[in-house]
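User: I'm new to reading protein structures, and I'd like a close look at one part of this one. Could you take me slowly through a helix pairing and what surrounds it?

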Amino acid sequence: MKELREIIRDLREDRDLKQKTIANYLGISQQTYSNYENGHREIPTWVVVALAQYYKVSTDYLLGTDTSYLGNTNLKNPYLENITMHDIIYDIQKLKRNERRDLIKYIRFLRHSDNT
C-alpha cells in the first residue's frame with residue numbers, strides 16, 4: 001500500500017504540477033512541501049484536507065483506505081500533457097479485439113511491476 005507522501009506526489013506529477021504550485025496553494029514554502037513528499041516531515045491533518053479538496057479526492061483516498069478514485073473524471077480535461085481521457089478511450093475503441101486484450105495485459109504488467 002502506498003504511503004500518503006507517495007500518493008500526493010503521484011497526484012501532483014499526474015497533473016504535471018510543480019511542488020511550488022501546491023505549496024503556494026497551501027500557503028507554505030516549497031521546501032516544506034518537498035519535505036512532506038520526501039517523508040522528512042509529518043503531513044498535518046489540515047494539509048491532507050486541503051489536498052483532498054484541491055485534487056477532488058477523499059481524505060480516505062489520500063490516506064490509502066479508499067482506492068476507488070480513478071483519477072480525472074472529466075473526459076475532456078487534459079489527463080497527461082495535452083491528451084484527454086476522451087482521446088485515450090477513442091483510440092482504444094479503434095483497436096481490434098486482440099489488440100485491446102494485449103493492451104489490458106500490458107497495463108496489468110505495468111501495475112504489477114510498479115508494486116515490486
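Analyst: Happy to help; below we go from the whole chain to one pair of helices, and then to the residues around that pair.

Please keep in mind that this is a predicted model. The chain contains seven helices and two strands. If you follow the sequence from its start, these elements come in the order α-α-α-α-α-β-β-α-α. Of the 116 residues in the chain, 27% are buried. Among contacts with a separation of 6 or more, 43% join residues that are 24 or more positions apart.

Now for our close look: how do helix α1 and helix α4 meet? Helix α1 covers residues 4-14 and helix α4 covers residues 45-55. Their axes come within 12 Å of each other and cross at roughly 30°. Angles under 35 degrees count as roughly parallel, so α1 is roughly parallel to α4. The crossing of α1 past α4 is left-handed. On the α1 side, the contact is made by Leu4, Ile8, Leu11 and Arg12, while α4 brings Val48, Leu51 and Tyr55. Sorted by class, this contact has six nonpolar residues, no polar ones and one charged one.

Let's stay with Arg12, which lies in helix α1. Is Arg12 buried or exposed? Its relative accessible area is 8%, and because buried means under 20%, Arg12 is buried. Leaving aside residues up to four places away in sequence, Arg12 touches Leu17, Lys18, Gln19, Ile22, Tyr33, Glu37 and Tyr55. You have met Tyr55 already, as one of the α4 residues in the contact with α1.

Next, turn to the other partner, α4. Which residues of α4 are buried? They are Val47, Val48, Ala50, Leu51, Ala52 and Tyr55. Three of these names, Val48, Leu51 and Tyr55, also appear in the contact with α1. The buried residues of α4 pack against α1, and also against α2 (19-26), α3 (30-38) and α5 (59-62).

Tyr55 leads us to the aromatic rings. How many aromatic pairs does a search of the whole structure find? It finds four. In one of these pairs, Tyr54 and Tyr55 sit edge-to-face, with 5.1 Å from centre to centre and 85° between the planes. These two residues have different labels for accessibility: Tyr54 counts as partly exposed at 25% relative accessibility, whereas Tyr55 counts as buried at 3%. For a contrast in ring arrangement, look at Tyr106 and Phe109, a stacked pair with 6.3 Å from centre to centre and 25° between the planes. Both residues belong to helix α7 (residues 97-114), where they are three residues apart, about one turn of the helix. Tyr106 is partly exposed at 46% relative accessibility, while Phe109 counts as exposed at 51%. Back beside our helix pair, Tyr54 and Tyr55 join Tyr25 in one aromatic cluster.

Finally, let's see what follows each of our two helices. Most residues other than glycine have a negative phi. Which residue has a positive phi just after α4? That residue is Lys56, with a phi of about 60°. Lys56 is found in the loop between α4 and α5. With a relative accessible area of 70%, Lys56 is exposed. Asp16 also has a positive phi, about 55°, although it is not a glycine. You can find Asp16 in the loop between α1 and α2. Asp16 has a relative accessible area of 47%, which makes it partly exposed.

Here is the picture to take back to the structure. Helices α1 and α4 run roughly parallel, and their contact is made up of six nonpolar residues and one charged one. Arg12 is buried and touches Tyr55. Tyr55 is itself buried and belongs to the aromatic cluster with Tyr25 and Tyr54. Just past the end of α4, Lys56 takes its positive phi.

Note on methods:
Residues numbered from 1 in each chain as written. Predicted model: local features only at pLDDT ≥ 70, side-chain atom pairs only at ≥ 80, totals over all residues. Heavy atoms only, no water. Axes fitted to C-alpha atoms, helices over the stretch in contact; angles between N-to-C directions. Helix = DSSP H or I, 4+ residues; strand = E, 2+ residues; numbered from the N terminus. Parallel < 35°, antiparallel > 145°, perpendicular 65-115°, else oblique. Left-handed = near helix turned anticlockwise from the far one by under 90°. Contact = heavy atoms within 4.5 Å. Nonpolar A, V, L, I, M, F, W, Y, C, P; charged D, E, K, R; others polar. Phe/Tyr/Trp six-rings, centres within 6.5 Å; stacked < 30°, edge-to-face > 60°. Buried < 20%, exposed > 50% of the residue type's maximum accessible area, 1.4 Å probe, protein only.
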